[in-house]
Amino acid sequence: MTATLSPPVTTPPEPPTASRIRSLTTTIGVPLLAVAVGLAAGGILIVLAGGNPGQAYATMLDAALGGDTQLGRLLTGMTPLVLMGLGYAIAYRTGFITIGAQGHYDVGAITATAVVLSMPLGTSWIAIPIVAVTAAAAGACIGGISGVLKARLGVNEIISSLMLNYLVFYTLAWAVRKPLANPNGFTPESERIPDWAALATIPGTRIHIGVFVAIAAVPLVWWLMRSTRFGFASQIVGESPSVAEANGISVARTVVTSALISGALGGIAGAIMLLGSEFRLSLAISSGIGFTAIVVALLGRRNPFGIVLAAALVSGLTLGSQAVQRTQEIPASIGTVVQAVMILTVLLANRIVERAR
């Protein structure tokens, strides 16, 4: 008696069009779901706080888009979030899970203050390029430390970047009390930067040229990630370092390069905030915005254009929450809770999608 062997059953590959449609649906659907769940959770909290969700969200929308002044505040608030979100996107694409943007941002602000207060440059046409280069270099140095520690010694980048955040913060605290302290002040802060160092604005608005720097960075980073050798290498390294090494791609060099670029973008963000909005260095500038940029990067699905939309949403939530607290006595922390729920939804949805594949 002979046994007959049946051929193995194989599943036909998914058509490319169907795969692209599913990927696009996930890319758009997950953030929209996260926004819906976050706003629903915020509505419940507003009701528990004794408010009206419809009125509260209407106030938030007006605070973000209700006029030229509100729009200017939204765009200037978005600017550092976009730049640091782009930095996170580049690093995360390589599998370099840093949380160091706050340190990059702080050191950029420190460097910008030191340059404009110590060098009599006299005109913004000279000062701003010098500040941009030095702030980017300072941010890249801080980011590069974590990159080298990861690439050469295998040190966990989350721990190293977090420790560097603390190191830079305490450097900031020292700087506003000693070398950069205002000799005529009573609080830990620097002198106001000279007028020639402030970023130019659109007449009648608060929109400064730093906004356009962030806008220009979006397509540039998209091109870097999609159309360059580094972009290809970073994707392979992020997906499988062993495959990258087998194909002649240096994992260490790619990781360090992504860390340097991420740090440089954070440094520029800090300099823009200092020269365009704060105008003097103080401890208040280190407000945790670097961690908010993680929310922006994840909610934007690490896509440069998605990051812009996410930054607008997060900046609008921040401004709106403050307005709701002033007008309706609802805690502004509700905005933070909404952001947290959005991120939890994104992470959970991503996990479900991965397991369904």
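Here are a few notes on an aromatic pair, a buried threonine and a surface patch in this predicted model.

1. Ground rules first: local features need pLDDT of at least 70 and side-chain atom pairs 80 or more, while totals for chains, interfaces and linings use all residues. Numbering runs from 1 along each chain as its sequence is written, and side-chain values use heavy atoms, with hydrogens and water left out.

2. The model has 3 aromatic pairs, counting Phe, Tyr and Trp rings (for Trp, the six-membered one) with centres within 6.5 Å. One of them is W222 with F305: the centres are 6.5 Å apart and the planes sit at 55°, so the pair is tilted (under 30 degrees would be stacked, over 60 edge-to-face). W222 belongs to helix α7 (residues 209-227) and F305 to helix α12 (residues 304-328), 83 residues apart; helices here are DSSP runs of H or I, at least four residues, numbered from the N terminus.

3. Both rings belong to partly exposed residues, W222 at 36% relative accessible area and F305 at 44% (buried is under 20%, exposed over 50%, with a 1.4 Å probe and protein chains only).

4. T113, in helix α4 (residues 101-118), is buried at 0%. Outside its neighbours within four places in sequence, T113 contacts L180, S190, L274 and L281 (heavy atoms within 4.5 Å).

5. On the surface, a nonpolar patch joins I97, I158, I159, M163, Y166 and Y170, about 610 Å² of accessible area together (Shrake-Rupley, 1.4 Å probe). Patch members have over 30% relative accessible area and no salt bridge, with nonpolar side chains joined within 5 Å; a salt bridge is a Lys or Arg side-chain nitrogen within 4 Å of an Asp or Glu carboxyl oxygen. I97 lies in the loop between α3 (68-93) and α4 and is partly exposed at 36%.

Conventions: Helix = DSSP H or I, 4+ residues; strand = E, 2+ residues; numbered from the N terminus. Patch = residues over 30% accessible without salt bridge, like charges linked within 9 Å, V, L, I, M, F, W, Y side chains within 5 Å.
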